[in-house]
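Welcome! Here is a short, friendly tour of a protein model, arranged by topic so that you can follow along in the viewer.

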Amino acid sequence: MPKTITPRPRTATVLDGPLDSLGGLLREWLPRQRWFAGKDRPVTELSVLSVTELFPGCLHLLVHASHVPVPTPGGTPPPGDCYQLLLGLRPHLAPRLERAFIGRAVDGPLAGLAVYDALHDPRSAHLLLERLRHPGTAGPLRFEADPAARVPGGLPPRLLDAEQSNSSIVYGDAYILKLFRRIQPGVNPDLEVPAALAALGCARVPAPVAWFTTADPRPATLGVLQPFLPDATDGWSLALGALAAGDDFTAEARALGRAMAEVHLALAEAFPPAGPGENGRTAEAMRARLDAAAHAVPGLLPFVPGLRAAFAALATCDTGPPAQRVHGDLHLGQVLRAGRDWFVIDFEGEPSRPLAERRTPQSPVRDVAGMLRSFDYAARQRRPWRPEWARRCREAFCAGYAARAGWDPRKKHALLRAHETDRAVYEVLYEARHRPDWLPVPMAAIKRLAVWGG
Ligand SMILES: Nc1ncnc2c1ncn2[C@@H]1O[C@H](COP(=O)(O)OP(=O)(O)O)[C@@H](O)[C@H]1O
Ligand SMILES: O=P(O)(O)O[C@H]1O[C@H](CO)[C@@H](O[C@H]2O[C@H](CO)[C@@H](O)[C@H](O)[C@H]2O)[C@H](O)[C@H]1O
């Protein structure tokens with residue numbers, strides 16, 4: 001069950017006084033944000049866990065959104081999540097900031113001020129970069145940097161407008177800062193993993209140059225700055241482009257498989273595997289996730305027996321590559337091609353899983369399955385669907401992977417089927433929560449995977 005930062009009396013490090021009016025404003029605004037994870041559960045309470053004046057007119061907040069606990073077969077999920085916010089405060093809002101407007105505080109120390117999402121404000125974005133360029137602290141926040149990195153000042157910021165789980169600001173097409181929105185205590189793998197791979201000299205992953213953390217109410221990673229690949233295109237856009245043009249994508253898929261195998265080899269070196277993977281325990285966890293998903297999305301129920309068969313087959317299979325640190329949420333949107341090279345980003349893992357679980361060694365087949373599912377997603381974006389295109393890409397990706405990894409995912413049929421099934425179950429839940437129109441895409445895979453041999 002995900003550990004969350006749970007409410008306790010707020011710590012107003014700079015600004016003191018009741019912030020109740022802020023809670024009222026955020027309660028309306030928060031659930032409308034793309035990155036808000038609790039869209040399917042009403043917010044029952046919003047409490048401010050910590051507030052720090054980052055610079056005049058800009059507050060850094062950690063807030064806890066509580067939900068009515070919904071019991072599920074896998075146990076009762078945590079009653080809420082912690083989110084990171086940067087709030088701007090001004091008497092009047094310039095027209096260009098109108099879309100960032102949250103509301104006007106009516107009482108307390110902020111009475112009369114317009115409150116807005118400060119990430120849209122170039123001044124706040126600039127000052128945030130200045131903080132990262134000059135390591136130090138601000139209340140419980142600590143800003144750190146790679147001593148070898150020389151990030152220039154004055155780079156113009158632009159907030160990315162992508163459909164994201166977090167929020168990112170690009171500075172002068174030279175750096176990108178990712179602010180994690182949903183905060184769990186502990187080291188975020190999206191800082192830990194790229195830093196460890198960079199230390200090994202693995203060039204397939206942009207290396208962190210600066211980051212910031214909090215100590216309050218519990219230690220957690222808040223944001224990471226890394227080099228921006230200005231001429232890069234993500235794999236999802238490339239795949240859709242190829243489909244639209246009727247182009248073959250197998251050469252790209254093969255190169256991507258090879259690149260991913262290299263990243264896995266580097267991960268195994270950076271985080272030596274502790275021991276063999278336990279298929280029985282993995283299968284049991286997959287079964288529990290399926291039951292919880294079927295509870296939340298009843299459309300899954302008719303397929304549960306067939307899907308369970310895939311997990312049962314995994315439990316009895318005793319071969320497979322050793323468990324190791326993996327990407328954890330691999331799909332075409334997480335790979336960027338610049339020139340002829342593929343790069344891998346976003347090592348956070350599946351955002352809804354507990355941080356400790358995401359940092360646990362797992363089968364590399366999990367990532368392979370994530371990418372195979374992604375080819376299927378791409379092939380279903382426009383009619384007529386192109387299952388043959390996806391099949392060829394899947395083959396090519398596995399062939400490229402096998403050539404570099406020394407083992408072939410296609411020869412691990414039971415493992416691959418179980419991981420693909422687990423991934424499709426996750427996708428059903430993800431789409432039901434975030435993009436109900438997309439639900440038919442993973443449901444088509446569910447129907448296929450529920451049939452033995454699918
Ligand atoms: N180093 C980078 N260079 C170029 N673009 C990047 C880089 N890192 C991220 N991006 C772009 O930002 C988008 C969101 O980044 P990502 O880490 O996946 O965020 P999230 O966790 O919010 O989904 C990516 O899809 C990609 O287009
Ligand atoms: O926000 P993240 O990139 O960390 O990942 C989440 O969102 C993804 C969608 O943006 C979602 O991926 C699913 O949709 C993709 C197409 O948009 C597809 O390529 C993936 O295969 C599919 O899983 C991902 O699951 C979710 O964690």
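## Aromatic rings

Trp29, Trp35, Phe36 and Tyr83 are linked into a cluster by ring pairs. Keep in mind as you explore that this model is predicted. The tour begins with the rings, then turns to a sheet and finally to two helices.

**Ring pairs**

- In total, the structure contains 11 aromatic pairs.
- One of them joins tryptophan 29 to tryptophan 35 in an edge-to-face arrangement, with 5.9 Å from centre to centre and 70° between the planes.
- Both partners are hidden away: tryptophan 29 is buried, and tryptophan 35 is buried too.
- Phenylalanine 249 and tryptophan 389 make a stacked pair, where the centres are 5.8 Å apart and the planes differ by 25°.
- This second pair connects distant parts of the chain, since its members are 140 residues apart.
- To find them, look for phenylalanine 249 in the loop between α4 (235-245) and α5 (250-270), and for tryptophan 389 in helix α10 (residues 387-405).
- Is phenylalanine 249 buried or exposed? Phenylalanine 249 counts as buried because its relative accessibility is 3%, and the cut-off for buried is under 20%.
- Tryptophan 389 is also buried, because its relative accessible area is 2%.

**The seven-stranded sheet**

- Seven strands form an open sheet in the order β7-β8-β13-β14-β11-β10-β9, and their pairing is antiparallel.
- Which strands sit at the edges? They are β7 (136-138) and β9 (157-159), each of which pairs on one side only.
- From one strand to the next, the twist averages 20°.
- Within this sheet, strand β8 (residues 141-145) and strand β13 (residues 210-214) run antiparallel and are joined by five bridges.
- To trace one bridge yourself, start at leucine 141: its partner in β13 is threonine 214.

**Two helices packing together**

- Helix α11 (residues 413-434) packs against helix α12 (residues 440-449) at an angle of about 145°, and their axes are 9 Å apart.
- The crossing of these two helices, α11 and α12, is left-handed.
- On the α11 side, the residues that meet α12 are Arg417, Glu420, Thr421, Ala424, Val425, Glu427, Val428 and Glu431.
- On the α12 side, the matching set is Pro442, Met443, Ala445, Ile446, Arg448 and Leu449.
- Sorted by class, the contact between α11 and α12 has eight nonpolar residues, one polar residue and five charged residues.

Note on methods. Residues are numbered from 1 along each chain as its sequence is written. Chains are lettered from A and ligands numbered from 1 in the order in which they are written. This is a predicted model: local features need pLDDT of at least 70, side-chain atom pairs count only at pLDDT 80 or more; totals for chains, interfaces and linings use all residues. Side-chain values use heavy atoms; hydrogens and water are left out. Axes are lines fitted to C-alpha atoms, for helices over the stretch in contact, and angles run from 0 to 180 degrees between N-to-C directions. Helices (H or I, at least four residues) and strands (E, at least two) are DSSP runs, numbered from the N terminus. A crossing is left-handed if the near helix is turned anticlockwise from the far one by less than a right angle, and right-handed if clockwise. Contact means heavy atoms within 4.5 Å. Ala, Val, Leu, Ile, Met, Phe, Trp, Tyr, Cys and Pro count as nonpolar, Asp, Glu, Lys and Arg as charged, and the others, Gly among them, as polar. Two strands pair if DSSP finds at least two bridges between them. Rings of Phe, Tyr and Trp (its six-membered ring) pair if their centres lie within 6.5 Å; planes under 30 degrees apart count as stacked, over 60 as edge-to-face and the rest as tilted. Buried means under 20% relative accessible area, exposed over 50%, partly exposed in between (1.4 Å probe, protein chains only).
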